[in-house]
Amino acid sequence: MTGAERHREAEDANRLWWDNLARVHVRSYKEVQLLREGKEVLDEIELREVGDVRGKSLLHLQCHVGTDTLAWARKGAIVTGVDFSAESIACAEQLRGELGLKATFIHSNVYDLPSLLSMEFDIVYASRGVLCWLRDLHEWASIVSRFLCPGGIFYLLESHPILCALEEDVHGVLSFANPYFHLTEATRWEAGGGDYSDPSHTVEHPSYEWTWALSDVVNALIGAGLGLQFLNEYDHLFFKLFPGMVSEDDRHYRLAQYPRMLPLLFTLRAQKR
Ligand SMILES: C[S@@+](CC[C@H](N)C(=O)[O-])C[C@H]1O[C@@H](n2cnc3c(N)ncnc32)[C@H](O)[C@@H]1O
(Lines give C-alpha, C1' and ligand atoms only; values in the text may rest on other atoms or scores of the structure.)
Protein backbone atom coordinates (compact mmCIF):
# COMPACT_ATOMS: atom_id res chain seq x y z
CA MET A 1 0.00 0.00 0.00
CA THR A 2 1.36 3.45 -0.87
CA GLY A 3 1.55 6.31 1.63
CA ALA A 4 -1.35 8.05 -0.12
CA GLU A 5 -3.49 4.90 0.11
CA ARG A 6 -2.69 4.54 3.82
CA HIS A 7 -3.69 8.17 4.36
CA ARG A 8 -7.00 7.59 2.55
CA GLU A 9 -7.68 4.47 4.62
CA ALA A 10 -6.98 6.41 7.83
CA GLU A 11 -9.33 9.19 6.68
CA ASP A 12 -12.08 6.65 5.91
CA ALA A 13 -11.70 5.20 9.41
CA ASN A 14 -11.88 8.69 10.90
CA ARG A 15 -15.05 9.51 8.97
CA LEU A 16 -16.71 6.41 10.43
CA TRP A 17 -15.41 7.36 13.89
CA TRP A 18 -16.96 10.85 13.65
CA ASP A 19 -20.21 9.56 12.13
CA ASN A 20 -20.63 7.32 15.17
CA LEU A 21 -19.98 10.14 17.63
CA ALA A 22 -22.06 12.95 16.14
CA ARG A 23 -25.33 12.10 17.92
CA VAL A 24 -23.48 11.26 21.12
CA HIS A 25 -22.02 14.78 21.00
CA VAL A 26 -25.37 16.46 20.37
CA ARG A 27 -26.41 14.89 23.69
CA SER A 28 -23.17 15.54 25.59
CA TYR A 29 -21.74 18.85 24.24
CA LYS A 30 -22.48 21.63 26.71
CA GLU A 31 -22.32 24.00 23.71
CA VAL A 32 -25.59 22.48 22.38
CA GLN A 33 -27.31 23.29 25.67
CA LEU A 34 -25.80 26.80 25.72
CA LEU A 35 -27.08 27.40 22.18
CA ARG A 36 -30.56 26.21 23.15
CA GLU A 37 -30.55 28.55 26.16
CA GLY A 38 -29.39 31.49 24.03
CA LYS A 39 -26.12 31.70 26.00
CA GLU A 40 -22.59 32.38 24.72
CA VAL A 41 -20.88 29.39 23.10
CA LEU A 42 -17.79 31.07 21.71
CA ASP A 43 -14.78 31.81 23.88
CA GLU A 44 -14.04 35.36 24.95
CA ILE A 45 -10.62 34.95 23.26
CA GLU A 46 -11.98 34.20 19.78
CA LEU A 47 -14.71 36.81 20.07
CA ARG A 48 -12.03 39.43 20.79
CA GLU A 49 -9.48 38.13 18.30
CA VAL A 50 -11.83 37.56 15.36
CA GLY A 51 -13.69 40.82 15.98
CA ASP A 52 -17.01 41.99 14.60
CA VAL A 53 -18.44 39.45 12.13
CA ARG A 54 -21.74 41.20 11.38
CA GLY A 55 -22.54 40.92 7.67
CA LYS A 56 -19.31 39.06 6.95
CA SER A 57 -19.16 35.73 5.14
CA LEU A 58 -17.56 33.01 7.25
CA LEU A 59 -16.46 29.55 6.15
CA HIS A 60 -16.13 27.11 9.06
CA LEU A 61 -13.89 24.16 8.21
CA GLN A 62 -14.50 20.89 10.11
CA CYS A 63 -17.65 22.26 11.75
CA HIS A 64 -18.77 18.93 13.33
CA VAL A 65 -22.35 19.27 14.66
CA GLY A 66 -22.36 22.99 13.87
CA THR A 67 -22.30 24.49 17.37
CA ASP A 68 -19.62 27.11 16.63
CA THR A 69 -20.98 27.73 13.11
CA LEU A 70 -24.41 28.52 14.54
CA ALA A 71 -22.89 30.63 17.31
CA TRP A 72 -21.17 32.78 14.65
CA ALA A 73 -24.47 32.98 12.76
CA ARG A 74 -26.06 34.37 15.92
CA LYS A 75 -23.34 37.03 15.95
CA GLY A 76 -24.47 38.14 12.49
CA ALA A 77 -22.05 36.28 10.21
CA ILE A 78 -23.27 34.66 6.98
CA VAL A 79 -22.01 31.19 7.72
CA THR A 80 -21.09 28.05 5.77
CA GLY A 81 -19.99 24.97 7.72
CA VAL A 82 -18.15 22.06 6.14
CA ASP A 83 -17.54 18.58 7.51
CA PHE A 84 -16.80 15.16 5.99
CA SER A 85 -19.04 13.34 8.47
CA ALA A 86 -22.55 13.03 7.00
CA GLU A 87 -23.97 12.37 10.48
CA SER A 88 -22.34 15.56 11.82
CA ILE A 89 -23.83 17.60 8.98
CA ALA A 90 -27.26 16.02 9.55
CA CYS A 91 -27.03 16.98 13.25
CA ALA A 92 -25.93 20.51 12.34
CA GLU A 93 -28.88 20.91 9.98
CA GLN A 94 -31.25 19.62 12.66
CA LEU A 95 -29.86 22.11 15.21
CA ARG A 96 -30.11 24.92 12.65
CA GLY A 97 -33.81 24.11 12.16
CA GLU A 98 -34.46 23.81 15.88
CA LEU A 99 -32.79 27.17 16.62
CA GLY A 100 -34.23 28.93 13.58
CA LEU A 101 -30.84 30.21 12.43
CA LYS A 102 -29.52 30.74 8.91
CA ALA A 103 -26.52 28.63 7.89
CA THR A 104 -25.38 26.58 4.92
CA PHE A 105 -23.89 23.19 5.73
CA ILE A 106 -21.85 21.23 3.19
CA HIS A 107 -20.95 17.56 3.47
CA SER A 108 -17.41 17.41 2.11
CA ASN A 109 -13.88 16.45 2.89
CA VAL A 110 -11.91 19.71 3.33
CA TYR A 111 -9.56 18.45 0.62
CA ASP A 112 -12.44 18.04 -1.87
CA LEU A 113 -14.05 21.40 -1.17
CA PRO A 114 -12.45 23.33 -4.08
CA SER A 115 -14.33 21.06 -6.51
CA LEU A 116 -17.67 21.79 -4.78
CA LEU A 117 -17.56 25.44 -3.80
CA SER A 118 -16.44 28.41 -5.87
CA MET A 119 -17.05 31.48 -3.69
CA GLU A 120 -14.59 33.41 -1.51
CA PHE A 121 -15.13 34.39 2.14
CA ASP A 122 -14.21 37.29 4.43
CA ILE A 123 -13.29 34.84 7.18
CA VAL A 124 -12.16 31.22 7.15
CA TYR A 125 -12.39 29.77 10.67
CA ALA A 126 -11.40 26.47 12.31
CA SER A 127 -11.27 25.57 15.98
CA ARG A 128 -10.93 23.02 18.79
CA GLY A 129 -9.52 19.74 17.60
CA VAL A 130 -9.05 20.14 13.86
CA LEU A 131 -5.35 19.83 12.99
CA CYS A 132 -4.80 16.24 14.12
CA TRP A 133 -7.27 14.97 11.47
CA LEU A 134 -5.41 16.57 8.58
CA ARG A 135 -3.14 14.37 6.49
CA ASP A 136 -1.51 17.19 4.51
CA LEU A 137 -1.01 20.62 6.05
CA HIS A 138 0.32 22.30 2.90
CA GLU A 139 -2.70 21.26 0.86
CA TRP A 140 -4.98 22.35 3.73
CA ALA A 141 -3.31 25.78 3.90
CA SER A 142 -3.64 26.27 0.14
CA ILE A 143 -7.38 25.45 0.48
CA VAL A 144 -7.71 27.98 3.33
CA SER A 145 -6.07 30.58 1.07
CA ARG A 146 -8.19 29.53 -1.93
CA PHE A 147 -11.41 30.36 -0.03
CA LEU A 148 -10.30 33.75 1.30
CA CYS A 149 -11.05 36.96 -0.55
CA PRO A 150 -8.14 39.41 -0.83
CA GLY A 151 -7.72 40.98 2.64
CA GLY A 152 -9.78 38.16 4.21
CA ILE A 153 -8.62 36.54 7.43
CA PHE A 154 -8.03 32.99 8.57
CA TYR A 155 -8.52 32.37 12.29
CA LEU A 156 -7.54 29.22 14.18
CA LEU A 157 -8.08 28.34 17.86
CA GLU A 158 -6.50 24.99 18.68
CA SER A 159 -5.01 22.87 21.45
CA HIS A 160 -1.27 23.40 21.66
CA PRO A 161 0.65 20.67 19.77
CA ILE A 162 3.07 20.23 22.69
CA LEU A 163 0.20 18.43 24.47
CA CYS A 164 0.42 15.53 21.98
CA ALA A 165 3.92 14.84 23.28
CA LEU A 166 2.89 14.61 26.93
CA GLU A 167 1.12 12.13 29.17
CA GLU A 168 0.00 12.43 32.79
CA ASP A 169 0.55 9.83 35.51
CA VAL A 170 -1.86 9.12 38.41
CA HIS A 171 -0.16 11.80 40.52
CA GLY A 172 -0.75 14.47 37.87
CA VAL A 173 2.93 14.48 36.85
CA LEU A 174 3.57 15.07 33.15
CA SER A 175 6.25 13.31 31.14
CA PHE A 176 7.26 13.22 27.50
CA ALA A 177 5.67 10.13 25.92
CA ASN A 178 5.41 10.89 22.18
CA PRO A 179 7.39 12.83 19.59
CA TYR A 180 6.47 16.51 19.31
CA PHE A 181 7.49 16.69 15.66
CA HIS A 182 5.44 15.49 12.70
CA LEU A 183 5.56 11.81 11.72
CA THR A 184 4.55 10.82 8.19
CA GLU A 185 2.46 7.92 9.45
CA ALA A 186 -0.68 8.63 11.45
CA THR A 187 -0.93 7.28 15.00
CA ARG A 188 -3.67 4.65 15.38
CA TRP A 189 -5.89 4.83 18.49
CA GLU A 190 -7.72 1.59 19.20
CA ALA A 191 -11.46 1.33 19.83
CA GLY A 192 -12.76 0.65 23.32
CA GLY A 193 -11.92 3.83 25.20
CA GLY A 194 -14.39 6.41 26.49
CA ASP A 195 -15.39 9.33 24.27
CA TYR A 196 -13.74 12.67 25.11
CA SER A 197 -17.09 14.40 25.59
CA ASP A 198 -19.07 11.51 27.08
CA PRO A 199 -16.70 9.08 28.87
CA SER A 200 -19.65 6.72 29.50
CA HIS A 201 -19.87 6.15 25.73
CA THR A 202 -17.46 3.46 24.52
CA VAL A 203 -15.87 4.35 21.18
CA GLU A 204 -16.53 1.52 18.72
CA HIS A 205 -13.99 2.26 16.00
CA PRO A 206 -10.27 3.00 15.79
CA SER A 207 -9.11 6.46 14.73
CA TYR A 208 -5.93 7.91 13.25
CA GLU A 209 -4.27 11.21 14.14
CA TRP A 210 -1.44 13.20 12.65
CA THR A 211 0.74 15.45 14.79
CA TRP A 212 1.83 18.83 13.51
CA ALA A 213 4.35 21.10 15.21
CA LEU A 214 3.44 24.73 15.71
CA SER A 215 6.05 25.69 13.12
CA ASP A 216 4.40 23.33 10.57
CA VAL A 217 1.10 25.20 10.95
CA VAL A 218 2.61 28.68 10.71
CA ASN A 219 4.90 27.80 7.81
CA ALA A 220 2.12 26.07 5.83
CA LEU A 221 -0.01 29.22 6.05
CA ILE A 222 2.89 31.53 5.14
CA GLY A 223 3.75 29.18 2.27
CA ALA A 224 0.15 29.47 1.02
CA GLY A 225 0.53 33.25 0.74
CA LEU A 226 -1.03 34.37 4.03
CA GLY A 227 0.54 37.04 6.24
CA LEU A 228 0.62 36.13 9.94
CA GLN A 229 -1.00 38.86 12.05
CA PHE A 230 -0.54 37.22 15.46
CA LEU A 231 0.16 33.94 17.20
CA ASN A 232 -0.94 33.71 20.85
CA GLU A 233 -0.49 31.03 23.49
CA TYR A 234 -2.68 30.52 26.57
CA ASP A 235 -2.44 28.47 29.77
CA HIS A 236 -5.90 26.93 29.66
CA LEU A 237 -7.65 24.44 27.40
CA PHE A 238 -11.24 23.98 26.19
CA PHE A 239 -11.60 20.38 27.42
CA LYS A 240 -10.31 18.12 30.14
CA LEU A 241 -7.46 16.45 28.27
CA PHE A 242 -5.71 15.12 31.38
CA PRO A 243 -7.63 13.75 34.40
CA GLY A 244 -5.68 16.07 36.71
CA MET A 245 -6.88 19.22 34.97
CA VAL A 246 -9.07 21.56 37.01
CA SER A 247 -11.73 24.02 35.95
CA GLU A 248 -13.65 26.69 37.81
CA ASP A 249 -16.31 27.22 35.15
CA ASP A 250 -16.43 23.82 33.39
CA ARG A 251 -15.18 25.48 30.20
CA HIS A 252 -11.52 26.41 30.79
CA TYR A 253 -9.23 23.67 32.08
CA ARG A 254 -5.82 24.26 33.69
CA LEU A 255 -2.96 22.09 34.90
CA ALA A 256 -3.03 22.81 38.64
CA GLN A 257 0.48 21.41 39.18
CA TYR A 258 2.00 23.49 36.38
CA PRO A 259 0.56 27.01 36.73
CA ARG A 260 1.62 29.20 33.77
CA MET A 261 4.43 26.74 32.98
CA LEU A 262 3.09 25.32 29.73
CA PRO A 263 1.03 26.55 26.76
CA LEU A 264 -2.23 24.59 26.45
CA LEU A 265 -3.97 26.55 23.69
CA PHE A 266 -2.88 28.65 20.76
CA THR A 267 -4.65 31.01 18.40
CA LEU A 268 -3.49 32.63 15.21
CA ARG A 269 -4.83 35.06 12.67
CA ALA A 270 -3.43 35.37 9.16
CA GLN A 271 -4.50 37.60 6.29
CA LYS A 272 -4.66 36.94 2.58
CA ARG A 273 -2.73 39.63 0.76
C1 LIG B 1 -13.27 18.00 17.12
S2 LIG B 1 -14.32 18.23 15.76
C3 LIG B 1 -14.18 19.90 15.27
C4 LIG B 1 -14.26 20.87 16.28
C5 LIG B 1 -15.57 21.46 16.61
N6 LIG B 1 -15.31 22.80 17.01
C7 LIG B 1 -16.20 20.67 17.71
O8 LIG B 1 -15.55 20.38 18.72
O9 LIG B 1 -17.34 20.35 17.62
C10 LIG B 1 -13.43 17.56 14.36
C11 LIG B 1 -14.27 17.50 13.11
O12 LIG B 1 -13.40 17.40 11.98
C13 LIG B 1 -14.08 16.65 11.00
N14 LIG B 1 -13.06 16.23 10.02
C15 LIG B 1 -11.96 15.49 10.23
N16 LIG B 1 -11.24 15.37 9.11
C17 LIG B 1 -11.91 16.06 8.15
C18 LIG B 1 -11.68 16.30 6.76
N19 LIG B 1 -10.60 15.82 6.15
N20 LIG B 1 -12.57 17.05 6.08
C21 LIG B 1 -13.69 17.54 6.70
N22 LIG B 1 -13.97 17.33 8.02
C23 LIG B 1 -13.08 16.60 8.73
C24 LIG B 1 -14.75 15.53 11.79
O25 LIG B 1 -15.80 14.93 11.06
C26 LIG B 1 -15.21 16.30 13.03
O27 LIG B 1 -16.54 16.71 12.86
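Among contacts in the chain between residues at least 6 apart in sequence, what percentage join residues at least 24 apart? In this predicted model, the figure is 72%, a value that describes how the fold brings together parts of the chain that are separated in the sequence by at least 24 places.

The overall dimensions of the chain can be considered next. The chain has 273 residues, for which a compact globule would have a radius of gyration near 19 Å, and the value of 18 Å computed for the chain agrees with that expectation. Taken along the principal axes, the box that the C-alpha atoms fill is roughly 50 × 45 × 35 Å. Within this outline there are seven helices and 13 strands. Of the 273 residues, 50% count as buried, and the accessible surface of the chain comes to about 12,700 Å², with 53% of that area belonging to carbon and sulfur atoms.

A good place to begin a closer look is strand E1, which spans residues 57-61. Ser 57 lies in this strand, and Ser 57 counts as buried because its relative accessible area is 12%, which is under the cut-off of 20%. When residues up to four places away in sequence are not counted, Ser 57 touches Ile 78, Glu 120, Phe 121, Asp 122 and Ile 123.

After strand E1 the reader comes to the loop between E1 and helix H4, where Gln 62 is placed and where His 64 is also found. Gln 62 has a positive phi of about 60° although it is not a glycine, and His 64, likewise a residue other than glycine, has a positive phi near 50°. Are these loop residues buried or exposed? Gln 62 has 17% relative accessibility and therefore counts as buried, while His 64, with a relative accessible area of 9%, is buried as well.

The loop leads into helix H4, which runs over residues 67-74 and is largely enclosed by the rest of the structure, because seven of its eight residues are buried. The buried residues are Thr 67, Asp 68, Thr 69, Leu 70, Ala 71, Trp 72 and Ala 73. Just after H4, Gly 76 takes a positive phi of about 105°.

Helix H4 also takes part in contacts with a residue further along the chain. Leu 101 lies in the loop between helix H5, residues 86-99, and strand E3, residues 104-107. Leaving aside neighbours within four places in sequence, Leu 101 is in contact with Leu 70, Arg 74 and Arg 96. At 18% relative accessibility, Leu 101 counts as buried, even though it belongs to a loop. Leu 101 and Leu 42 are 59 residues apart in sequence, and their C-alpha atoms are 16 Å apart in space.

Finally, one can ask about empty space inside the model: how many cavities of 30 Å³ or more does a search of the whole structure find? The search finds one, and the volume of the largest cavity is about 30 Å³. Its lining consists of Asp 43, Arg 128, Leu 157, His 236, Leu 237, Phe 238 and Leu 265, a set of residues drawn from separate parts of the sequence. Sorted by class, this lining has four nonpolar, one polar and two charged residues.

Key: Residues numbered from 1 in each chain as written. Predicted model: local features only at pLDDT ≥ 70, side-chain atom pairs only at ≥ 80, totals over all residues. Heavy atoms only, no water. Buried < 20%, exposed > 50% of the residue type's maximum accessible area, 1.4 Å probe, protein only. Helix = DSSP H or I, 4+ residues; strand = E, 2+ residues; numbered from the N terminus. 1 Å grid on protein atoms, 1.4 Å probe; cavity = no way out; pocket = protein on both sides within 12 Å on 5 of 7 lines; lining within 4 Å. Points joined across faces, edges and corners; volume = space filled by probe spheres on them. Nonpolar A, V, L, I, M, F, W, Y, C, P; charged D, E, K, R; others polar. Rg over C-alpha atoms; globule rule 2.2 N^0.38 Å. Contact = heavy atoms within 4.5 Å. Areas by Shrake-Rupley, 256 points an atom, 1.4 Å probe, with all protein chains shown as cover.
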